[in-house]
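Trainee: I should like to request a close look at a single part of this protein, namely the residues that tie one stretch of the chain to another. Please set them out in one connected account, with the reasoning made explicit.

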Amino acid sequence: MEACTTSKPPTYINPGNRKEMRLNGINEILQRNRMLSVMASTGLTLSAPQEAGKWSLWALTVSSGGLRFSPPIQVQVFRPLQVEFHLPPSLRVRETLEVDIKIGNNINSCMDVTALLALSEGAQFLSNGLLYVTERLRLGPHGATSLVVRLLVTSPGRKNMTVEVNGYTSSSCEGTDRISNSTLTGAVVRSATVKVYPEGIVKTDTESAYFCANENLIVSTIDNYKYEWIVAPRNRQSIIIETKAGRSKNIGPLHIVLGESKTKTDRMYRITIGDAENSNTHIGRGKHGTISTCNVSFSGYGIQLTSIETPGILSEDEWKTFWITWERNTISFGNGSVPYNNTLLKWRMDKKIKIQQLGFASSWGTPAEFRIWNFNEESGFSQVLHLDTPKSVVPGSEYGELVVAGGLALPAISKSIEGGGLTGALASLSPLLTLQHLGRRANETERLQILETLPGSIQSILSYRKVDNSFSEHQMLGSHRVTVSILEALTRVQPYFSVDPDLIQAIKRWVQLRQEDDGRFTPLDADVKLAASYGFNPSRRNLTSDSATFDNIVEITAETVIALYEIGIESDADSDTLQKAKIFLENSLPNVESPETISAVTLALVLVRSATAAWAIEKLRNASTTEDGEFGWPHFMPRRDAANWLYESEAGKTLKEPLVATVDEYKASLYALTTFCLIGDLKAAESVARFLFYRSHMLDKHHELLYPAVKAFSQYDTLAKDRHRSLTISLATSGMELTDTLELNSEKSPQMLFLPSLPTKVFVYATGAGCATIQGRTTFSTYSTKSKTDLLELWSGVIEEILPDRSSVEEIEGKLPMLKLKICFKWKGNKPSPILRLEVTLFSGFELTTTPPQLLNPPQEMAEMQHNYHTNKLWFIFANVSTTCPICVQFVARSAFVITSLRPGYSKIYPASREDLAVETFFHAQIKSNLLKSVTADDMITWFGRNGTSNKDALDVPEECKMKDTDAVEKIVSSSTNKPKVLQKLTLDLTAHSSNISKSILSPTVEVNILKIADPSEITIEEVSPPQSTSLEPIAIEDLGAIEENIIPLGDQDERIEFPTIISTTFSPSNKTGDSININTENVSFLTSSMTESTTLKTVEVEERSKVNEDTTEAFKEPVAIKHKVVIKHVNKEDIHDIPKKYSKNHDEDTEVITFGPEIKNDQYILLDKKALWGMLKEVVDDEFKEKTSSKIVDGQKLRSQGFT
């Protein structure tokens, strides 16, 4: 059924106070392909647009025939009162915003206006320090005004500003008549929201503990009929037992012994569960019990006291729970976790036997697991959490919270992941896995928030799709590993968000087509493993290059098998792919060495039910068992200065291993946890879970691990569910500011407590029985950064401020200047880089201009730079960087808002898959800049550790890069001929400054050539008298054709890399209307301004060598020219911006200054300077100039006498 809105004449609507318009009668009959559709009519209510004016409405329908648009309806919206204001997308804490609220009167009479402005918590008006302010004013007929207020934001979060304006008709436009509510003309309410971020970098440190209080895990193997003993509870004469029989030909029986000692004697009682093929349970006495063999069960030397028929009492698929008590000299046994409920057996004990030991075993050929709970109310588990903050924390930004949850608490995103590229987008899907695991237990509010953000996460992921249906951070480099991860993630979100099934099939097909004949999947360019390739992996093994490459291939193949199996086998092609990969993994198993590869291969073989899965599990156990018999990855003894070894023992002779792990080891542990969960090995899985949770701080820095961590922990939580949980948790901080006691049971939801102060210690004590998670999380802001590592180096800065034109609207409104920023980084790896992601956060309110960023001095081998931006955040993608010379990006940003107390900008660069390896830095403007308005000396010390913005961590330029620059200069000089090569022409635009000047004045053409010279400080300018011309010829910008200027700051020293630029400028005045000189400098590279106040240039001294090299002079000699040596200075600026070093190089020799002016000065400008040019045009207004410029060679002395400089 299709329908659309009938076209109508313009409709006039006066919405008044929150009125609505109702559109009825979508009644046009559509006829397509001689098919008459059914006519339908529906009612639709729309709110009137907030702004007055003309609006057009269309109706859109979707049907099997496609999309249909109705003809538009013109709607005229009238409002007697208009209000408009805007807020920036984001601010930082402690910044001040100036808001311009425009109020307009649209009626033909005066109006008294009352305005009420209100802010949400965490912001205040500077005028009164409150959350609200009121104003009264009077507007004339069709009058308007601006109400300017300043507000300060004091805490992070979303802040709302609401403006309510009421207008009352005034009987007179004069005087102060009392406002009467009966004359209300219009009322407008407007709201806007700004997101406030904390200062600096927000970091989170997590310390976690996962424990099972008063729990014992016992595994009875298939080939050993031996009792495992534990001490009987001392203050309680009962236990809860969970049992699960292993897979074998026969299920059961299981034996539980209650005795005085660990030896088998007649002074003990025995409970046999699931005897006679899992059909009988009995209580006996003596050291031998029932023996089951060859499907025949018979009693041994022991005595059977009482029995009951219990068919199917044991299971090999799920845990069965029983209780046993021996209170009041009576042994009782029953089902469930509540003693004396569902009692199955009872027997009166011998009073002389005291139960002190409990033993557990399974019969020959029957494996089993026992999970014994001792509900001890006096003893249990204790732990101390150390929650610290660094010294560099921003005062007042730190806060801490304590999460106490029964069972295993799944990892959560401590803060919204902004940036991070594809890795961050995948990590943002981890809450969805939590939602799937919790099911109906999930909090409804959190569930709605997760589903609300899901479309944005999916859209972000799909933006990285390539034309061949693979995914990668860079369009020119593929990634098999990332594509497989996205394939699995998109399949998981299908129940919550519909993704095109054809897209999923196309991605799967791309993966399958990459499989080689032997079943392997090879890594692509973006799948490089940093640890193996760049030699900084503190692993326990030193793999050779070939071994590391082979392990990477095997690991990617195993990861592909895991993902394809979880997606599901839907066709023969899927089955064939898995079968070929399984054979390859089976053949590769003996040769793999790294922990992550062994774990991944084991999990893959278990999933596909390989015959070698048991061997793989045994290899995994051997590789992940420490000398103490605990789970872990053994390390070699490291060097004393190794970064992963944080402290020494008190004796100072031996090193202790802190709770750290590498990324590969943590990932390997996740695979191991999933494997043990699949085979139902609770004891091994619990050991891995503890290992991971005590290192959960890894997830704070490694977002790439968050998604697989939630997957693995969800499976473990299902396996280790303690439904009978009954725990009492006592908490206390070191200063006793917080003390609390919490009761946890199987139905209790996680509880969060806020810590009153930091740093602190939290003492935890648990009694009862059950599992729980205690997480202490500290969040703080800091300006402490690291701009140099062994892999990367970064520098950022503002190199130019472009002030608004004088008397312009921007200057009158106090708008901030446009900024030219430069970000430089250096790759220091010994191999070409993987995909690098550079992220830049501009000052609040600033955004990238329409001029695209410019990449300076890109190496030839580097992949094409990609970039994008959103509000004040920019990101650039680089790949295959093989040079160690700095690479720079330059761009221009501007702001439409007036913001003071601006916090610094921020930039960081890191390998796309390893954000933890990032280098980062803060930057700000120079001293006396408008951007530093209201910034105090204390602020500067907090940000940069000193009262200044100079970046002392400037890039170190390698010697080979300096040699390249020197060679380039020498090459240019040696290739010079008598006639200099013109590489660039500039067209100057004087339209803005020549409107009052006679056109006859601008008749001659003056050609100015800037030539190649050996000394960059000497610039030869030739003044040539051209033929008579009556038109202003446009001058095109030619390709520079030479090495671009690329100068990197070198710290506090006054050194720069110099690249000569050869420019030819032709100046051709004309008599036509619109006389102009057009300046185009888009292709000109500028020098980074010095970041120290002491080196800020205010003027440029014009210098000339007293003696010029004869060879150079001859090389550039031109017959009909008067040559002068000057220094370039630019226009539209109070300070010098972007002056190439070669034009401002200091000379040691005494020089004689030569200028065009009547007086000898050191601060003259050439024609590019606006003030000098404007003064020249105003003075040269007589006709005598025209008569004296017809000669072939212009007399420089006469020009100077007329004001030319």
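**Ties along the chain**

Mentor: Arg-777 counts as buried, because its relative accessibility is 11% and the cut-off for a buried residue is under 20%. The model is a predicted one, and every value that follows is computed from it. What does Arg-777 form with Glu-401? The two residues form a salt bridge, in which the closest N and O atoms are 2.8 Å apart. This pair connects distant parts of the chain: Arg-777 belongs to strand β39, which covers residues 760-782, while Glu-401 belongs to strand β35, which covers residues 399-406. The two partners are 376 residues apart. Glu-401 is likewise classed as buried, because its relative accessibility is 12%. The salt bridge therefore has a buried residue at each end, Arg-777 and Glu-401.

Strand β39 also takes part in a second kind of tie. A disulfide joins Cys-212 to Cys-771, with an S to S distance of 1.9 Å. Cys-212 is located in strand β19 (residues 201-213) and Cys-771 in strand β39, so this disulfide holds together parts that are 559 residues apart in sequence. The link between Cys-212 and Cys-771 is right-handed, with 100° about the S-S bond. Cys-212 and Cys-771 are both buried. Strand β39 thus carries Cys-771, the partner of Cys-212, as well as Arg-777, the partner of Glu-401.

How many disulfides does the structure hold? There are two. Besides the link already described, a disulfide joins Cys-824 to Cys-888, with 2.1 Å from S to S. This pair, too, links distant parts of the chain, with Cys-824 in strand β41 (residues 818-827) and Cys-888 in strand β47 (residues 887-895), 64 residues apart. The disulfide of Cys-824 and Cys-888 is right-handed, because the torsion about its S-S bond is about 110°. Cys-824 is buried, since its relative accessibility is 0%, and Cys-888 is buried with a relative accessible area of 0%. A further cysteine, Cys-677, is buried as well, with a relative accessible area of 11%.

To return to the salt bridges, a search of the whole structure finds 31. The side chains of Glu-570 and Lys-508 meet in one of them, at 3.1 Å from N to O. Here again distant parts of the chain are linked: Glu-570 is in the loop between α8 (545-567) and α9 (572-588), and Lys-508 is in helix α6 (residues 501-513), 62 residues apart. Are the two partners buried or exposed? Glu-570 counts as exposed, because its relative accessibility is 52% and the cut-off for an exposed residue is over 50%. Lys-508, by contrast, is buried, with a relative accessible area of 3%. This salt bridge therefore pairs an exposed residue, Glu-570, with a buried one, Lys-508.

Another salt bridge is formed by Arg-520 and Asp-518, whose closest N and O atoms are 2.7 Å apart. Arg-520 counts as partly exposed because its relative accessibility is 22%, and Asp-518 is also partly exposed, with a relative accessible area of 36%. Salt bridges also occur as a network, which links Glu-215, Glu-242, Arg-371, Glu-686 and Arg-690.

Strand β39 can be approached from one more residue, Ser-730. Ser-730 lies in strand β36 (residues 726-733) and counts as partly exposed because its relative accessibility is 29%. Leaving aside residues up to four places away in sequence, Ser-730 touches Asp-740, Thr-741, Phe-763, Val-764 and Tyr-765. Strand β39 covers residues 760-782, a range that takes in Phe-763, Val-764 and Tyr-765 among the contacts of Ser-730. Ser-730 and Glu-743 are 13 residues apart in sequence, and their C-alpha atoms are 9.0 Å apart in space.

These details may be set against the whole protein. The secondary structure comes to 22 helices and 55 strands. Of the 1205 residues in the protein, 51% are buried. Among contacts with a separation of 6 or more, 75% are between residues 24 or more positions apart. The accessible surface comes to about 57300 Å², and 49% of it belongs to carbon and sulfur atoms.

Key. Residues are numbered from 1 along each chain as its sequence is written. This is a predicted model: local features need pLDDT of at least 70, side-chain atom pairs count only at pLDDT 80 or more; totals for chains, interfaces and linings use all residues. Side-chain values use heavy atoms; hydrogens and water are left out. Helices (H or I, at least four residues) and strands (E, at least two) are DSSP runs, numbered from the N terminus. Buried means under 20% relative accessible area, exposed over 50%, partly exposed in between (1.4 Å probe, protein chains only). Contact means heavy atoms within 4.5 Å. A salt bridge is a side-chain nitrogen of Lys or Arg within 4 Å of a carboxyl oxygen of Asp or Glu. A disulfide is a pair of cysteine sulfur atoms within 2.5 Å. Accessible areas come from the Shrake-Rupley method with a 1.4 Å probe; for residues, only the protein chains shown count as cover.
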